[in-house]
Amino acid sequence: LQSSTAELGAVIQQKAVNDLPLNGRNFTALLQLTPGAAPISVSQNSGAGTFGTPTTYGADYEFPAINGQTNRSNFFRTDGINNQGSFLSTYAVPPIIDTLQEFKVNSHNDQAEFGSTLGGVINVATKSGTNELHGSAWEYVRNNAFDARNTFQQSVQVFHQNEFGFTVGGPVIIPKVYHGKNKTFFFGGLQEFRYRSPANSF
């Protein structure tokens, strides 16, 4: 609650983003933790909100309705920059979970900077580098080697799903000033998704 404005919202911090399980590694499931958010699952959610983006098999993409508005009335920003998809009114570029510092859901706004939307404003803040080089790497695998044969098939069907990537951040080497600390940093991440399975008909 902001005492100077009529703005209402909630911040989901880095610990929750890192520790809570997310099917499909998509932060939209965490939007339901904010007050006034109701989970809505419609056919558009199956594409994860973007055209040409592969959908993680069995993943849960939720674009909630906030304070009674439709679930396509929300506005997405990344580090304060417009990240709104022009077709489905969801995000244009899905942020990588490992690059998120926190995000805030403004469920009620009266400020000009948050115009053009009836629902909530989801503002994602990404991580920044530090004076030390840090990074992470991951891979999530689903494979038919772990599967049993379907009752109506003669053999185990081909199924390969790999989601992998890395992040890295650190200082940009410049002359050290202000007690030997750099003031310019970099941080970036890459994530890839590969999926292969036949279209079976029983």
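**Close-up views of a predicted chain**

**View 1. Strands β8 and β9 lie side by side in this predicted model, running antiparallel and joined by ten bridges.** Strand β8 covers residues 134-143 and strand β9 covers residues 160-171. One place to look for this pairing is Ser 136, whose bridge partner in β9 is Thr 167. Strand β9 is also joined to strand β10 (residues 185-196), again in the antiparallel sense, and here twelve bridges link the two. Within that second pairing, Gly 170 has Phe 186 of β10 as its bridge partner.

**View 2. Strand β7 pairs with β4 in the parallel sense and with β6 in the antiparallel sense.** Four bridges connect strand β4, which spans residues 75-78, with strand β7, which spans residues 121-126. Among the residues to follow here is Thr 78, which finds its bridge partner in Val 124 of β7. Strand β6, made of residues 100-108, is joined to β7 by six bridges, and in this pairing the partner of Val 105 is Ile 122.

**View 3. The whole chain is shown here for orientation, with its one helix and ten strands.** Read from the N terminus, the order of the elements is β-α-β-β-β-β-β-β-β-β-β. Of the 202 residues in the chain, 34% are buried, and the accessible surface comes to about 11,900 Å², with 54% of it belonging to carbon and sulfur atoms. Among contacts with a separation of 6 or more, 67% are between residues that stand 24 or more positions apart in the chain.

**View 4. Ring pairs gather Phe 27, Phe 63, Phe 76, Tyr 91 and Phe 103 into a cluster.** The whole structure holds seven aromatic pairs. In one of them, the ring centres of Phe 63 and Tyr 91 are 5.4 Å apart and the planes meet at 65°, so this pair counts as edge-to-face. The pair links distant parts of the chain, since Phe 63 belongs to the loop between β2 and β3 while Tyr 91 belongs to the loop between β5 and β6, 28 residues apart. Phe 76 and Tyr 91 also form an edge-to-face pair, with 5.7 Å from centre to centre and 80° between the planes. Because Phe 76 lies in strand β4 and Tyr 91 in the loop between β5 and β6, this pair ties together parts that are 15 residues apart in sequence. Phe 63 and Tyr 91 are both buried; Tyr 91 has a relative accessibility of 1%, and Phe 76, at 3%, counts as buried too.

**View 5. A salt bridge brings together the side chains of Asp 98 and Arg 25, with 2.3 Å from N to O.** Asp 98 sits in the loop between β5 and β6 and Arg 25 in the loop between α1 and β2, so the pair ties together parts of the chain that are 73 residues apart in sequence. Both Asp 98 and Arg 25 are buried.

**View 6. Lys 15 and Asp 19 form another of the three salt bridges, with their closest N and O atoms 2.9 Å apart.** Both residues belong to helix α1 (residues 14-19) and are four residues apart, which is about one turn of the helix. Lys 15 is exposed, having a relative accessible area of 63%. A further salt bridge joins Arg 194 to Glu 192, where the closest N and O atoms are 3.1 Å apart, and Glu 192 is partly exposed, with a relative accessible area of 31%.

Terms used:
Residues numbered from 1 in each chain as written. Predicted model: local features only at pLDDT ≥ 70, side-chain atom pairs only at ≥ 80, totals over all residues. Heavy atoms only, no water. Pairing = 2+ DSSP bridges. Buried < 20%, exposed > 50% of the residue type's maximum accessible area, 1.4 Å probe, protein only. Contact = heavy atoms within 4.5 Å. Areas by Shrake-Rupley, 256 points an atom, 1.4 Å probe, with all protein chains shown as cover. Phe/Tyr/Trp six-rings, centres within 6.5 Å; stacked < 30°, edge-to-face > 60°. Salt bridge = Lys/Arg side-chain N within 4 Å of Asp/Glu carboxyl O.
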